[in-house]
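Please open the structure in a viewer and keep the selection panel at hand. Each stop of this tour indicates what to select and then describes what is found there.

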Amino acid sequence: MFVPLALVLLVTGLFWLCSASRSEEPGGPLPAKVRFAAFGQAGVLALAAGGFYWRTMRLEAEPYGDFIGGFLGVSGMPKSFEYTAEYVGLAVFGAAAFLLCRWYRRLAAEPGYAAIVARLGFYSLLPGFVMAGQAVTVSSLEPLTTLPALAVLLLLPALAVIPTGDAAAASRTAERCYGGLLLFPFSLAGIQFFQQRVWEGGSSLAGILYAAVLVLMLWLVRKDSAPRNCDRFFFIAQLGIPLLFLYLLPPPLQRRDGSWFDPGFHWTLSLLAWVLAGIAWCALVRAFRRAAGGNFRVPLPVLLAVAATLLAGGEGWPAIWQDDYHNGEVALPWYLWQTMGCVPYLDYMPSRGLINYLPGFFTWLFRGHDISLLGTGQKLANLVVLALLLAPLRRRCGTVAAFLAVLAISDLGCGIGAGLAVAIAFFFFLTESERYRNPVRWLWWFGVLGVIGIFYSLTDTAAMVLAMSPLLVRQLWRAVTEQQRAFFLSAGAVAVAALLLLLTPFYRIIGGMLCILLEQTGVYTLAHCVPWMGSRELDVAVTQGLFWQFVRFGWLGVGAMALFSLIRKRRGTVRDELRFLGSSSILILAVLLIQRAGGRIDLGSTSRIFTVSGLYVGILVPWLLPGLVRRRTLLGCWAVALGLYGLQCADWRNLWNNCTETVVEPENVVNLEAAGFPMLGRAASIQPDHLAHLVGTKALLDRVLKPEESYLDMTNNATGYAYFRRRPPVSYPAWNYVASRPQVERMVREVKAAKPLLVLVKGRDVNFYEGRLPFRAHALYRYLLAEYLPFRDTGGRIWMIRRGAEARLKGVPQVDAASIGDMALASEAFQDPKIDAYPFTWGASLERLAPHLSDPVPARAAAGKHLQNGGGGLFFAQPGGAELQLELPAGASGDFLLLEFDRPIIGRDFRVLWEDVLAGKGQPWVEFWGGSHCYLIPLDNSPNWLLSPWKRNIRVKLPGAFAGEFRLLRAEFLRRR
């Protein structure tokens, strides 16, 4: 992490020096066309340099310092070289832009030369334009034709009523009429929401009358275009928009028999929707009364209503999400805190921070604990995020840019977009000029909001706080030198508050939060990252992989724009200082998030860097270009960039469907409350296999456990703790959350302390690409095998019961009595018979992993089938799967098998087989990929190997296609430390 920080600070300093005004520099500022050419050429060179590094880098396995389970290990693919390619591109861009600007400034000083430089520079960029266009393919023309045509058609009536002879009056009339016509469809949508969700079965007469009044007002403006008439038209066109807040109410839900289903929300939800609508109306009336001064802006609550409904997504019947891992991230936090007193960061570790608590909190507030209706809580959480972001964004860049910017947000509520949106709102708020002028007050804002923000979102807001270090350092210096008394009084108050907090559990909560941040920092790439070539393309909207890569790199363009902002002439004013320090913060944030967003590329879905890129382009560009709204060329280019990033959640068709269509009951709707699951609702859609799993699991738990006892879920179905009303015995409710050695050790300590009677180890497992439990939390896996016995229930699920407590299972009808203690079930539950690239990935990092290995035991090797022994470790393999026989000395043991050859062994069907005490039961083999000359094979990930006191007839079966001469350099068994 320090390498990119050092790089970005170096580049920032370089441009700070470049931006200083020097009397010896010839000429004034570079013309815009010359700057465009310089930065375009620098960008082309940066992409070429980064791409060249990418293409020529050897694809060696990622280095490992510990045995961490993740996609990089199972696939054998590297990741670090991608980051390095980005750093190379960033460094080349900074250097090239610096040198080209200096050179072009000298050339432009000569009369007529600026035009030559601009013209030739433009032509030099034409091949880049051609390639960019060639990379884009759009599958549907509807979004490219409908909305632009609508915008043009709505402009025509506005142009028809403008007066002649007075340009200022004409501009005002056209602006008000066009703005009113653009907002009028949203007013109609608000009226439709009222008719659909409040005045059930109401006629469309209200909408018709409203449209007639608006047409009449437009005719009056045509007759008399006085400013007050224009403002009245603009005011009336927005009157229906506050009713959009009624989207918070549930849609009409119709049963199959024609009756209507009432989800049972508390009346306070309706009160909240009407209060928000009332606030919007009051703000609208206030804005109209103040319009005499010529500044009738769309009020913030009105803008919020439009943005929230566009980003709300489609409505549906109450449903239970099948993925009980990700559903647990939203459903569990507030439920555990409110019902079982699980304190955040102590008893329960939220995956993203307090952001995970919002949907559950809002749902509970108006409906109670009903997971099927979490969508309503999600809407309210989205609304809070938008409200926090819109106000500072609008103050910085105006209404139009702010509205378009928020439409670039995807994955709101408790997702990636919500965390970054709040972090960026924090940045916008603290970079307002008036707030920046008072350093002590600014430091208080920074401290309080920074702590709240980090608790809210562990990663995104923490990255923003770190990125704002240039602003923090500068304000500290100003406070010490300009406001000494206020600064030291504030420092004393902070120290006293910190000491008082030591008397409360709050300091332990802060410690738990810091543990999450620190424990995964060193292993984040290995545990969570996926190479870019491992994720799919956007095959719905974009079919060209080159464009996909362009989008992933695109957020670096915002960092480039930050550099562009830094080269502006310094005048020593507060505004210029704030521009430089804020641009530095944006650049630092961009580089910090390489490790976060650039790594989390999800298989089978859009990448997180795509989401981050959209937020960068949509929200940080307006900060860097505060004159965006006044410069139409820049505004148009920015809108094009937003279109390229998709505006993936803003869909006017969803808005129209939500306010017009009735939601009809789908199949598989069940009264889960009557089935014994009160927090799943009275009529929720659920898949039959999911319901059968819940019913069977609950029946066994209720029969074996007392109400106050809990169980341990090792299938990543974390939501089960809420379904079955059992307090998790561990702070991480799913083992996929843990990755580093300290996290695993903490989880083992918690299990030892809680001693749960039952452990569910197989049943609708949510397995990820890193493999099963032994790869992610090996120490916990060994503890369970040592202290628990497996058994199977009548539904096919595999459980484990604490040794010595088997009597609790007697007479339980849900238990297969014959399976109690059958250790072969452990292999079925825990073992990945195919471990793919882990052996050669870890073998490539043998020196780095040496501290975690001990007690090497050499193995005697002999030739088996299809193999001839040439003596001295030399063997001759024949096709068909040559076998190498190994003998483990009597009394010796080992967890890993280390094999080192003098040449790479290539093939997919590499195997290690053995005989053990289970006599063929379970899976006495491990299969992996050949792809290197050194292999570190984790045999103890097989319960057969770990549980058997002896192993014999150990064979290494080489890939079937492999043949030829090779030398076995090392064959050792090693123990895991």
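Select α18 (439-456) and helix α19 (residues 460-467). These two helices pack at an angle of about 150 degrees, and their axes are 7 Å apart. Here axes are lines fitted to C-alpha atoms, for helices over the stretch in contact, and angles run from 0 to 180 degrees between N-to-C directions. α18 and α19 are therefore roughly antiparallel to each other; angles under 35 degrees count as roughly parallel, over 145 as roughly antiparallel, 65 to 115 as roughly perpendicular and the rest as oblique. Show the side chains of F446, G450, G453, I454 and Y456 in α18, which meet T461, A462 and V465 in α19. Contact means heavy atoms within 4.5 Å.

Some notes on the model apply from here on. The model is predicted, so local features need pLDDT of at least 70 and side-chain atom pairs count only at pLDDT 80 or more, while totals for chains, interfaces and linings use all residues. Residues are numbered from 1 along each chain as its sequence is written, and side-chain values use heavy atoms, with hydrogens and water left out.

Now display the whole protein chain, which has 38 helices and 19 strands. Helices (H or I, at least four residues) and strands (E, at least two) are DSSP runs, numbered from the N terminus. Of its 977 residues, 54% count as buried. Buried means under 20% relative accessible area, exposed over 50%, and partly exposed in between (1.4 Å probe, protein chains only).

**A second helix pair**

Select helix α12 (residues 326-340) and helix α13 (residues 358-367), whose axes come within 7 Å and cross at roughly 60 degrees. α12 and α13 are therefore oblique to each other. At their interface, V330, W334 and Q338 in α12 meet P359, G360, F361 and W364 in α13.

Which residues of α13 are buried? They are L358, P359, G360, F362, T363 and F366. What covers these buried residues includes α10 (267-289), α12, α14 (374-397) and α18. Step past the end of α13 to G368, whose phi is positive, near 90 degrees.

**Two single residues**

Select S270, which is found in helix α10. S270 is partly exposed, with a relative accessible area of 30%. Its C-alpha atom is separated by 9.8 Å from that of P250, 20 residues apart along the chain.

Next, select Q238, in the loop between α9 (227-237) and β1 (253-254). Is Q238 buried or exposed? At 0% relative accessibility, Q238 counts as buried. Among the residues that Q238 touches are L183, Y210, F296 and P299, not counting residues up to four places away in sequence.

**Two sheets**

β1 also belongs to an open sheet of three strands, in the order β2-β1-β3, with mixed pairing. Its edge strands are β2 (260-261) and β3 (663-664), each pairing on one side only. Two strands pair if DSSP finds at least two bridges between them. Two bridges join β1 to β2, and these strands run antiparallel. Find Q254, which stands opposite W260 in β2.

Then select the open sheet of four strands, in the order β6-β7-β9-β8, also with mixed pairing. The edge strands are β6 (711-713) and β8 (788-792), and each pairs on one side only. Neighbouring strands of this sheet are turned by 25 degrees against each other on average, direction ignored. Three bridges join β6 to strand β7 (residues 758-762), and the two run parallel. One point to label is D713, whose bridge partner in β7 is L760. Add helix α34 (residues 778-787), which lies across β6, β7, β8 and β9 (798-802) and runs at about 80 degrees to β8.

**The nonpolar cores**

A nonpolar core is a set of buried Ala, Val, Leu, Ile, Met, Phe, Trp, Tyr and Cys residues joined through side-chain atoms within 4.5 Å. The largest one has 205 residues, and those with the most contacts inside it are M714, L758, L784 and F830. Its largest share, 12 residues, comes from helix α16 (residues 416-430). Centre the view on M714, which touches W735, M747, V759, L760, V761, L773, L780 and L784, not counting residues up to four places away in sequence. Apart from this core lies another, of 55 residues, among them V523, A527, I835 and F875.
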